[in-house]
There are 2 protein chains.
Amino acid sequence: MHTIPESNIKDAAQGLRAIAHELRLGVLCHLLNGPMCVNELIEATGASQSNLSQHLSKMRLMGIINNEKRGQQVYYEIANPEFFNLVHVLKQIYCPEMCQAVTEAEH
Amino acid sequence: MHTIPESNIKDAAQGLRAIAHELRLGVLCHLLNGPMCVNELIEATGASQSNLSQHLSKMRLMGIINNEKRGQQVYYEIANPEFFNLVHVLKQIYCPEMCQAVTEAEH
DNA sequence: TACATAAATTAGAACTTGATAATATAATGT
DNA sequence: ACATTATATTATCAAGTTCTAATTTATGTA
């Protein structure tokens with residue numbers, strides 16, 4: 001069966017909501033390259049400290065990312081390697097111009 | 001590069017929002033088995049007519065599904081086959097109990 | 001100890017989303 | 001033409017989300 005059972009739909013929808021935001025999805029993409037601390041993410045995204053912190057908190061509560069304190073900094077990283085695949089699929093859907101070569105090769 | 005370029009992040013986040021809801025994700029999953037008309041989806045999901053219609057409308061505007069009128073009925077179907085892959089990844093993440101066998105075989 | 005830096009928390013306003021109920025439109029059968 | 005069935009639209013209200021500004025907590029350092 002190629003579907004999500006009813007019992008898990010709620011969790012999956014909640015998980016999607018956790019990344020269904022420009023800034024949060026941007027953070028997820030940055031973290032694909034490895035762990036980053038909050039200041040680095042502020043730099044990378046241009047978000048305000050408070051705003052970013054709140055989004056990171058939400059992503060952490062939703063199980064998208066984990067954090068680890070190293071001295072004065074808090075480093076965030078992707079919690080589940082499946083998110084690499086998720087981003088890959090999103091790229092297929094929303095960056096068609098980047099994926100045309102592959103798509104054409106399949107025909 | 002395994003990431004979504006900034007220029008497409010907004011679209012991707014918006015697309016995610018279009019399915020980041022229990023009912024809409026449920027509809028998407030039902031449509032994986034083929035086109036369905038509104039009444040069938042009402043049956044399948046238990047949603048009210050008006051509510052479902054509004055969610056279908058949103059998913060259509062966001063490019064997740066297409067519709068086609070056949071006589072008195074309107075049939076909806078998935079707009080992009082990549083959504084099969086998206087659901088597959090979601091299953092890996094949010095239905096771990098269903099995927100354990102595969103995961104263990106990989107070790 | 002006092003100060004600086006990193007990050008989290010809180011409160012509140014503005015905006016968005018989702019559900020319901022009521023109404024409208026469109027196709028079909030009598 | 002009239003009733004019936006299928007779907008869409010509109011208005012409204014409650015609930016949820018997001019941003020900003022201010023405050024707090026924790027860590028490292030002079």
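Two strands are said to pair if DSSP finds at least two bridges between them. Helices (H or I, at least four residues) and strands (E, at least two) are DSSP runs, numbered from the N terminus. Everything shown here is a predicted model, in which local features need pLDDT of at least 70 and side-chain atom pairs count only at pLDDT 80 or more, while totals for chains, interfaces and linings use all residues. Residues are numbered from 1 along each chain as its sequence is written, chains are lettered from A and ligands numbered from 1 in the order in which they are written, and side-chain values use heavy atoms, with hydrogens and water left out.

**View 1. Chain A, end to end.** Let us begin with the whole of chain A, whose secondary structure comes to six helices and three strands. Followed from the N terminus, the elements read α-α-β-α-α-β-β-α-α. Along its principal axes, the C-alpha atoms of chain A fill a box of roughly 55 × 35 × 20 Å.

**View 2. The sheet of chain A.** Three strands of chain A make an open sheet with antiparallel pairing, in the order 1-3-2. Strand 1 (36-37) and strand 2 (65-70) are the edge strands, each pairing on one side only. Strand 1 and strand 3 (residues 73-78) of chain A run antiparallel and are joined by two bridges. Look for Tyr76(A) in strand 3: Met36(A) stands opposite this residue, and so does Asn67(A). Strand 2 and strand 3 of chain A pair in the antiparallel sense over six bridges. Their hairpin has two residues between the strands, and Gly71(A) takes a positive phi near 65° there.

**View 3. Helices packed on the sheet of chain A.** Turning back to strand 1 and strand 3 of chain A, with their two bridges, we can now add the helices. Helix 2 of chain A packs on the sheet and touches strand 1, strand 2 and strand 3, where contact means heavy atoms within 4.5 Å. The direction of helix 2 makes about 90° with that of strand 3 of chain A. Helix 4 (residues 49-61) of chain A also packs on the sheet, touching strand 2 and strand 3, and its direction makes about 120° with that of strand 2. For these angles, axes are lines fitted to C-alpha atoms, for helices over the stretch in contact, and values run from 0 to 180 degrees between N-to-C directions.

**View 4. The sheet of chain B.** In chain B, three strands form an open antiparallel sheet, ordered 1-3-2. Its edges are strand 1 (36-37) and strand 2 (65-70), each of which pairs on one side only. Two bridges link strand 1 of chain B to the antiparallel strand 3 (residues 73-78), and Met36(B) stands opposite Tyr76(B). Helix 2 of chain B lies across strand 1, strand 2 and strand 3, running at about 90° to strand 3.

**View 5. The two copies together.** A turn of 180° with a shift of 0.0 Å along the axis lays chain A on chain B with an RMSD of 0.0 Å; copies are superposed by least squares on the C-alpha atoms of residues with pLDDT of at least 70 in both. The two copies are therefore related as by a two-fold rotation axis. The same surface serves both copies, as 95% of the contact residues of chain A recur in chain B.

**View 6. The largest pocket.** Here the largest pocket has a volume of about 310 Å³. (On a 1 Å grid over the protein atoms alone, a pocket is an open set of points where a 1.4 Å probe fits, with protein on both sides within 12 Å along at least five of seven lines; lining residues have an atom within 4 Å of a point. Grid points are joined across faces, edges and corners, and a volume is the space filled by probe spheres set on the points.) Of its 13 lining residues, Glu6(A), Ile9(A), Glu22(B), Gly26(B) and His30(B) lie nearest the centre. Helix 1 (6-19) of chain A, and helix 2 (22-31) and helix 3 (38-45) of chain B, each supply at least two residues of this lining. Helix 2 of chain B gives the largest share, five residues.

**View 7. The second largest pocket.** This pocket has a volume of about 260 Å³. Among the 13 residues that line it, Gly26(A), His30(A), Ala44(A), Glu6(B) and Ile9(B) are the closest to its centre. Two or more lining residues come from each of helix 2 (22-31) and helix 3 (38-45) of chain A and helix 1 (6-19) of chain B. Helix 2 of chain A gives the most, with five residues.
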